[in-house]
Amino acid sequence: MLKLFFFNVGHGDSIAIRFPNGSWGIIDCQKNFNSLEPNVLTFLKNNNIEHLEFLCITHPHLDHFYGAEDIVEHFRENIKYFILYGMLTGHKNENSDSSCLVKAIKKFVAYNKTTYKNKLRLIKRNEEFNIENVSVFCYNPSIEQIENMQKISYVREGDYNNLSVILKLKYNDVQALFTGDAGNGLLTQISDDISGCQVVKIPHHGSSNTNTNKVLNSLISNKTYSIISAGNKYGCPDVNVIGYLKNKLNSIVLSTVDIGEQDVVNLNIDLGQTKITQSLLDDINDDKPIQSVPFYDGCIEICINSSGFINYNLYEHVQDISI
């Protein structure tokens, strides 16, 4: 059985994949800003997972890589491949020594001193690998995109969305598509190649500027499972996008914003993995009104069996998931 886990991390992507042979992969790893560690790492530790087939960061935006350093620190040399979006540099935060992605890459190199050159993988369009009987095919980024990006001295932050690693997993007759934050124009260009999937991680958190009717028509077919990872930030997920998926395309829409979110309003509540920062402690005192602290938890699980049957489970708490 192939299992896909989409974690509620507020605004951002965090996905774990359990392959039929029992190996694991991670696609993006946003970390709640008030948590000690990423939800996906808590989940894997709870289930005694000691090795990753891959850690993939789709593109250099913080809401996709904030937890990378924690994951590398935990697994160390037990990550077979650290997959990046075709290049090592790019995002202004990524180039800073204080960037958690730069730190994650440096730690990965340090823990894999003799093997990192083979394990640090800058993936590009048309590359393919197999994990047991699951094929993984990359549709983006292209060499042209990478080369053009490297030539430009200043790149708008939003342009990095089109570096997003787009992966399609094929297990028997079922295909699952992972789109990162790929933009409208890019998705339109490659729509013929990525259509026909039964499970689709909707691009860019369900934003309206990316998910036009034309793009959704190309991505979604009848009874497709549409997964949206968002946290009521930046207007995502857009209500019109959700409506179009449900009412026009007859898609089964599952959104992380609908599960697991809690408001922590005082220090008497069991916070689990939540870390209260000093600024929040300053707000929660006798002199100031108590302010709620969002705590994101929960997970969407998609299960695909060897006969191609798909079902899903919604969990309010990560610790409730059994594999």
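Q: Before we start, when do two strands count as a pair?
A: Two strands pair if DSSP finds at least two bridges between them. Keep in mind that this is a predicted model.

Q: OK, so how many bridges join strand 1 to strand 2?
A: Four, and the two strands run antiparallel. Phe5 of strand 1 sits opposite Ala16 in strand 2.

Q: What's between those two strands?
A: They form a hairpin with six residues between the strands, and Gly10 takes a positive phi near 75 degrees there.

Q: And which way does strand 16 run next to strand 1, parallel or antiparallel?
A: Antiparallel, with six bridges joining strand 1 to strand 16 (residues 299-304). Leu2 stands opposite Ile304 in that strand.

Q: Is strand 1 buried or exposed?
A: Six of its six residues are buried, so strand 1 (residues 2-7) is largely enclosed by the rest of the structure.

Q: Which residues go on which side?
A: Leu2, Leu4 and Phe6 are on one side, and Lys3, Phe5 and Phe7 are on the other, all of them buried. In a regular strand, side chains alternate between the two faces of the sheet.

Q: Switching to helices: at what angle do helix 3 and helix 4 pack?
A: About 15 degrees, with their axes 8 Å apart. Angles under 35 degrees count as roughly parallel, so helix 3 is roughly parallel to helix 4.

Q: Left-handed or right-handed crossing?
A: The crossing of helix 3 and helix 4 is left-handed.

Q: Which residues make the contact?
A: Helix 3 brings Ala68, Glu69, Val72 and Glu73, while the helix 4 residues include Leu101, Lys107 and Phe108. By class, the contact of helix 3 with helix 4 has seven nonpolar, four charged and no polar residues.

Note on methods. Residues numbered from 1 in each chain as written. Predicted model: local features only at pLDDT ≥ 70, side-chain atom pairs only at ≥ 80, totals over all residues. Heavy atoms only, no water. Axes fitted to C-alpha atoms, helices over the stretch in contact; angles between N-to-C directions. Parallel < 35°, antiparallel > 145°, perpendicular 65-115°, else oblique. Left-handed = near helix turned anticlockwise from the far one by under 90°. Contact = heavy atoms within 4.5 Å. Nonpolar A, V, L, I, M, F, W, Y, C, P; charged D, E, K, R; others polar. Buried < 20%, exposed > 50% of the residue type's maximum accessible area, 1.4 Å probe, protein only.
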